[in-house]
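Open the model in your viewer and keep the selection tool at hand. We will go from one helix to its partner.

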Amino acid sequence: MKRFILLAAASSLSVLAMIGPSKADISDIEVLFVRTDEDGNMSLSKAEVLKMAITQFNLVDENGSGALESGEVGELSSDGEFKDNDTDGDGALSIEEVVIEKLADYDRADTNLDGELSLDEVKKSYGEPKATP
Ligand SMILES: [Ca+2]
Ligand SMILES: [Ca+2]
Ligand SMILES: [Ca+2]
Ligand SMILES: [Ca+2]
């Protein structure tokens with residue numbers, strides 16, 4: 001299952017924490033959600049998600065090449081998600097590849113098909129939180 005990995009890649013949140021539900025903390029998802037929800041209506045529009053994705057992309061693209069190379073994403077470059085998102089297999093993620101992936105993530109996460117992502121939908125897209133013992 002794909003996740004909003006790049007959305008969080010350049011944030012203060014741990015990159016690794018955002019890769020999988022086993023490592024993700026639900027409160028981190030809430031922080032990310034609020035940051036992305038620019039108009040504060042507790043719902044993420046496609047425009048908000050893409051804007052955040054592009055902002056994060058530019059932050060991660062330190063050398064301004066318009067692509068995220070392995071040196072810029074660190075450990076993520078060896079992650080299956082990175083290779084999966086790298087559709088042309090050149091070892092870097094272009095903005096087009098990121099946007100295509102974001103839109104696919106978005107559609108997958110929008111389970112009630114209303115064109116907006118609620119916090120519940122975002123949480124579910126990361127996987128259900130583990131039951132606390
Ligand atoms: Ca919103
Ligand atoms: Ca770059
Ligand atoms: Ca590529
Ligand atoms: Ca929805």
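**A tour of helix 6**

Start on the outer face: the side of helix 6 turned away from its buried side carries the exposed residues Glu96, Ala104 and Asp107. Exposed means that 12 or fewer other C-beta atoms lie within 10 Å of a residue's own; buried means 20 or more, partly exposed is in between, and C-beta atoms are placed from the backbone. This is a predicted model: local features need pLDDT of at least 70, side-chain atom pairs count only at pLDDT 80 or more, and totals for chains, interfaces and linings use all residues. Residues are numbered from 1 along each chain as its sequence is written, and chains are lettered from A and ligands numbered from 1 in the order in which they are written.

Now select Val98, Glu101, Lys102, Asp105, Tyr106 and Ala109, which are buried in helix 6. They sit on the same side of helix 6 because they cover an arc of only 140° around the axis. That arc is taken from the directions from the helix axis to the C-beta atoms.

Next, add helix 3 (residues 46–60). Its axis and that of helix 6 come within 10 Å and cross at roughly 145°. Axes are lines fitted to C-alpha atoms, for helices over the stretch in contact, and angles run from 0 to 180 degrees between N-to-C directions.

Which residues of the two helices make the contact? Select Lys46, Val49, Leu50, Ala53, Ile54 and Phe57 of helix 3, then Ile95, Val98, Val99, Lys102 and Tyr106 of helix 6. Contact means C-beta atoms, placed from the backbone, within 7 Å.

Finally, show everything. The protein chain has 7 helices and 4 strands. Helices (H or I, at least four residues) and strands (E, at least two) are DSSP runs, numbered from the N terminus.
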